[in-house]
Amino acid sequence: MACGASRAVFVLATGILMLLAGCAPALSAWHRSPVPAAGDGSVVHRAVVIAAGEPRRDTRTVDAVCDVLVSHGWQRDNMLLLLGDDATRDAILEEPFTWLHNQGEDADDVTLFFFSLHGDQTPDVAPLDEPDSLDEYVCPADFEPGDNATYLLDDTLAERFTSIRSDSLVAVFETCHSGGMLDGSSDLRASGRVVLASCAADETSFPVYLNGRWLFPHYLAQGLRGPADTAGDGHISAEEAFRYAEQPTIIRSAITGIFLFLLTPTPLLVQHPQMYDGWPSAANNTAMLDIVPA
Ligand SMILES: [Ca+2]
Ligand SMILES: [Ca+2]
Ligand SMILES: [Ca+2]
Ligand SMILES: [Ca+2]
C-alpha cells in the first residue's frame, strides 16, 4: 500500500460518560497532577490541528477532533487549525509555536497537537540519530516528492517542540511510519510528553476499510467517548485512550491487510500503534496525562 493510504480520523470525545455520571467536565482544573504547580495558575487547554494530503484529512478528521474537544469545554478560540493548503512546511514550523507564545502558554497549561499527514522515511541526516538509519518525515501541503527541502523531518520537528512550555503535552500522529517520530535519539521523546503514533516506524497506516476513517484515531475517539476509562474514575488519559485503541487497530489492520493481500500482490500489512509515555518523567513514570479530567 502506498504510504499515502494511511490516515485517520481522530476524535477525542468523552462527555457522555461524564454527563451520565453527573459530573461536568472540569476543564478549568488539572486534577491528579503530581507535577508541582507552575505557570500562572490558570490552566488553559489548547489544540493545534494540522491536516493535509487529501480531503478527508482536513474535513471529516478535523471536524471530529474539534467537536469532541469542544464537547468537553475546550474553546474554539484556543484551537489553531492548519488545514489543506495552509499546512505548508513554513507554516507548520512557525504558526503553532508563535501562536502558543502569543497566547501566553505556560507550564500549567495543556497542549495537544494532532497531525494527519502523509509520511515516509529517508536516509538519516544529521543529527545521525536513527537506529534504523532512516529519518522519518511528514509531508506538508507544499511537499514535493524528491525535494528534500520540502519535507519535515522528525529531527526538525523535535527541535521545534522544545519551545513548548506546557508541562502537559500530548502529540498524536496519524501518518505512515509515525512510530519513527520516536525511534531516534533526536526525535520527539522527552520527559513531560505523551506521543501517540498510528503505526511502527517501518509500517504504513490504514483507513478503516470502506468508510474512509483512519483506524487509530477512529478507535482513540471511540475510547474517549467513555469505554477507555478503564480505571472508572471519570478521567480518560492519553495512555488509557492508547491502550483502548491499540488492539482493535492491530486486528482491523490485519483484516484489511489480508483483504488487500488477496486483491493485490502486496506484502501482508499490519499496523501496530506506538506510544511514548514521558509524563511526568521518563525515569519514574506512574502518572497519566489526562486528556479530559473529570
Ligand atoms: Ca497557564
Ligand atoms: Ca536524523
Ligand atoms: Ca527511524
Ligand atoms: Ca526517527
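Why is L188 counted as buried?

1. The structure is a predicted model. L188 is counted as buried because 23 other C-beta atoms lie within 10 Å, and the cut-off for a buried residue is 20 or more. Its place in the chain is the loop between β7 (168-174) and β8 (193-197). A residue in a loop can therefore still meet the criterion for burial, as L188 does here.

2. The surroundings of L188 can be listed by name. Leaving aside residues up to four places away in sequence, L188 touches D154, L157, A158, F161, A171, M181, L182 and V195. D155 is 33 residues from L188 in sequence, yet the two C-alpha atoms are 8.0 Å apart in space.

3. A second loop residue deserves similar attention. V270 lies between α7 (238-263) and β10 (274-277), and V270 is buried because 20 other C-beta atoms are found within 10 Å. Not counting residues up to four places away in sequence, the contacts of V270 are I250, S253, A254 and G257. V270 and A200 are separated by 70 residues in sequence and by 9.6 Å in space, C-alpha to C-alpha.

4. The chain as a whole may now be considered. Its secondary structure comes to seven helices and eleven strands. Of its 294 residues, 49% are buried. Among contacts with a separation of 6 or more, 72% are made by residues 24 or more positions apart.

5. One sheet is open and consists of six strands, in the order β2-β1-β3-β7-β8-β10, with mixed pairing. Because β2 (79-83) and β10 stand at the edges and have a single partner strand each, one side of each is left without a neighbour in the sheet. On average, neighbouring strands of this sheet are turned by 5 degrees against each other, direction ignored. As general background, strands of a sheet pair through backbone hydrogen bonds, either parallel or antiparallel.

6. The edge strand β10 can be followed residue by residue. β8 and β10 run antiparallel and are joined by four bridges. Among the bridge partners, V194 is matched with D277 and L196 with M275. The side chains of β10 alternate: Q274 and Y276 point to one face and are buried, whereas M275 and D277 point to the other and are not. Such alternation between the two faces of the sheet is what a regular strand shows in general.

7. Two helices should be described together with the sheet. Helix α4 (residues 89-102) lies across β1 (45-51), β2 and β3 (110-116), and runs at about 170 degrees to β2. Helix α7 packs on the sheet as well, where it touches β7, β8 and β10; its direction makes about 20 degrees with that of β8.

8. Which residues have the most contacts inside the largest nonpolar core? They are I50, F114, V170, V195, L224 and A241, in a core of 70 residues. Helix α6 gives the most to this core, with six residues. In soluble globular proteins, nonpolar side chains tend to be buried together.

9. Helix α6 (residues 215-224) is mostly covered, with nine of its ten residues buried. The buried residues are L215, F216, P217, H218, Y219, L220, A221, G223 and L224. After α6 comes G226, whose phi is positive, near 155 degrees.

Conventions
Residues numbered from 1 in each chain as written. Chains lettered and ligands numbered in written order. Predicted model: local features only at pLDDT ≥ 70, side-chain atom pairs only at ≥ 80, totals over all residues. Helix = DSSP H or I, 4+ residues; strand = E, 2+ residues; numbered from the N terminus. Buried ≥ 20, exposed ≤ 12 C-beta atoms within 10 Å, placed from the backbone. Contact = placed C-beta atoms within 7 Å. Pairing = 2+ DSSP bridges. Axes fitted to C-alpha atoms, helices over the stretch in contact; angles between N-to-C directions. Core = buried A, V, L, I, M, F, W, Y, C linked by C-beta atoms within 7 Å.
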